[in-house]
Amino acid sequence: VDEMENMANWKSVLVWGNVEEIHDHALRLVAVKKLNERTFPARVSNTVRLSAEWPYDPADVSEIKGVFLRVFIHTKSGRFEKANDPAQPNS
């Protein structure tokens, strides 16, 4: 995951772990419910926008095409850079 406002203001997160495909109907249902509960940003790019099929109806989980994956996280790290705002005096 990364976010770049500009070359002086950015953040990045890296995650290492094992990925598992979810085949079980009940676990797929739990995954869809969690995805539907997410809070989405007000503004997104063309590549991140929601499709006409989203949000999925959990009752139709068996009809959803695609693969369900879950990640068991072992390690995570991140970095960031935040430029000082010249309008704000240093404390």
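Which strand does Ile73 lie in? Ile73 lies in strand S3, and we'll come back to this residue in the view of the nonpolar patch. Keep in mind throughout that this is a predicted model.

**View 1. The whole chain, piece by piece.** Start by finding the building blocks: there is 1 helix, and there are 3 strands. If you walk along from the N terminus, you meet them in the order β-β-α-β. Buried residues make up 10% of the 91 residues. The accessible surface adds up to about 8200 Å², and carbon and sulfur atoms account for 54% of that. Now look at contacts between residues at least 6 apart in sequence: 76% of them join residues at least 24 apart.

**View 2. The sheet, strand by strand.** Here the 3 strands line up as an open sheet in the order S1-S2-S3, and the pairing is antiparallel. The edges are strand S1 (2-6) and strand S3 (69-82), each of which pairs on one side only. Ignoring direction, neighbouring strands in this sheet are turned by 15° against each other on average.

**View 3. The hairpin between S1 and S2.** Zoom in on the start of the sheet, where a hairpin of 2 residues takes you from S1 to S2. These two strands pair in the antiparallel sense, with 4 bridges between them. Want to trace the pairing yourself? Find Asn6, whose bridge partner in S2 is Asn9. Then find Glu3, which has Lys11 in S2 as its bridge partner. How many buried residues are there among the 5 residues of S1? The count is 0, so S1 is hardly covered, given that a residue counts as buried only under 20% relative accessible area.

**View 4. The pairing of S2 with S3.** Next, slide over to strand S2 (residues 9-21) and S3, which pair in the antiparallel sense over 13 bridges. One pair to look for is Leu14 and its bridge partner in S3, Ser77.

**View 5. The salt bridge between Arg70 and Glu20.** The structure holds 1 salt bridge, and here are its two residues. Arg70 pairs up with Glu20, and their closest N and O atoms are 2.7 Å apart. This pair ties together distant parts of the chain: Arg70 sits in strand S3 and Glu20 in strand S2, 50 residues apart. Why can such side chains pair at all? Side chains of opposite charge can do so when their charged atoms come close. Are these two residues buried, exposed or partly exposed? Arg70 has 30% relative accessibility, so Arg70 counts as partly exposed. Glu20 has a relative accessible area of 34%, so Glu20 is partly exposed too.

**View 6. A nonpolar patch on the surface.** For the last stop, pick out Val1, Val13, Val15, Val19, Val67, Leu69, Val71 and Ile73, which form a nonpolar patch on the surface. Together they have about 770 Å² of accessible area. Which elements give two or more residues to the patch? Those elements are S2 and S3. And here is Ile73 again, the residue from the opening question, in strand S3. Why does Ile73 count as exposed? Its relative accessibility is 52%, and exposed means over 50%, so Ile73 makes the cut.

Definitions and conventions
Residues are numbered from 1 along each chain as its sequence is written. This is a predicted model: local features need pLDDT of at least 70, side-chain atom pairs count only at pLDDT 80 or more; totals for chains, interfaces and linings use all residues. Side-chain values use heavy atoms; hydrogens and water are left out. Two strands pair if DSSP finds at least two bridges between them. Axes are lines fitted to C-alpha atoms, for helices over the stretch in contact, and angles run from 0 to 180 degrees between N-to-C directions. Patches are made of residues with over 30% relative accessible area and no salt bridge: like charges are joined within 9 Å, nonpolar side chains (Val, Leu, Ile, Met, Phe, Trp, Tyr) within 5 Å. Accessible areas come from the Shrake-Rupley method with a 1.4 Å probe; for residues, only the protein chains shown count as cover. A salt bridge is a side-chain nitrogen of Lys or Arg within 4 Å of a carboxyl oxygen of Asp or Glu. Buried means under 20% relative accessible area, exposed over 50%, partly exposed in between (1.4 Å probe, protein chains only). Contact means heavy atoms within 4.5 Å.
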